[in-house]
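Thanks for sharing this one. Here are my notes, as a few numbered points to read alongside the coordinates.

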Amino acid sequence: MIQKLFPLDKNYILRQAQSVLEEELLETMVIELKKSYTLLYNPLGLVDNTFQQIIETHTYPTDRIKVIYEQLSGIYRFKYGSNQLEFLFDGRSHFEKYKEDWSAQFTNWLRELGTHESYVKTMLRMTVLFDTESRAEFSENRCKSFVNEFFKLKIVKRKGELKLKIA
């Protein structure tokens, strides 16, 4: 349980916004993944068995991609996580602003990550091409390490604390 020392700390509001948007953005992850697959591997849109399976699959386990979502959320808070609230003059609340900012940045990151074959393949194995739990777990670990490498982050765990460092 997170103890709130300063309830209007930007990171608490940002974490709330990310939590509220999780389900919606998980679907966005898969939609962008399908687009990335099409651009990388099937730009002509030729229908074969794999492509048809990817396009037509709408049910898949989400527990693995939730881990990637949480990782990207943490990276966003790390990179853009000063604890100072800014003055907003457009009438929106900070919560609304952070929801918009997070959604926009998340979609941009998905498109950037989607240009890399390693990311696309591992995400497909965890979602629409899911076949066994062991392959999905392997893909999740590969995807997490790829994301850390992509953002040039190194995660160091010491004495139960998780620290992010820029590599």
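Leaving aside neighbours within four places in sequence, which residues is Ile-75 in contact with? The second point below takes this up.

1. Confidence. This is a predicted model, where local features need pLDDT of at least 70, side-chain atom pairs count only at pLDDT 80 or more, and totals for chains, interfaces and linings use all residues. Residues are numbered from 1 along each chain as its sequence is written, and side-chain values use heavy atoms, with hydrogens and water left out. The protein chain averages a pLDDT (the predictor's confidence in each residue, from 0 to 100) of 86, and 84% of the residues score at least 70. Among its elements (DSSP runs numbered from the N terminus: helices are H or I, at least four residues, and strands E, at least two), helix H2 (residues 22–41) has the highest mean pLDDT, 95, and strand S2 (residues 161–166) the lowest, 62.

2. Ile-75. The contacts of Ile-75 (heavy atoms within 4.5 Å) are with Trp-109, Val-147, Asn-148, Phe-151 and Leu-153, leaving aside neighbours within four places in sequence. Ile-75 sits in helix H4 and counts as buried because its relative accessibility is 2%; the cut-offs are under 20% relative accessible area for buried, over 50% for exposed and partly exposed in between, with a 1.4 Å probe and protein chains only. From Ile-75 to Asn-148 is 73 residues in sequence, yet 8.8 Å in space, C-alpha to C-alpha.

3. Core. The largest nonpolar core (buried Ala, Val, Leu, Ile, Met, Phe, Trp, Tyr and Cys residues joined through side-chain atoms within 4.5 Å) has 35 residues; among those with the most contacts inside it are Met-29, Tyr-69, Trp-102 and Met-123. The elements giving two or more residues to this core are H1, H2, helix H3 (49–56), H4, helix H5 (94–113), helix H6 (117–126) and helix H7 (133–150). Not counting residues up to four places away in sequence, Met-123 touches Met-29, Leu-33, Ile-65, Ile-68 and Cys-143.

4. Ser-139. Is this residue of helix H7 buried or exposed? Ser-139 counts as buried, because its relative accessibility is 1%. Beyond its neighbours within four places in sequence, Ser-139 is in contact with Thr-122, Arg-125 and Met-126.
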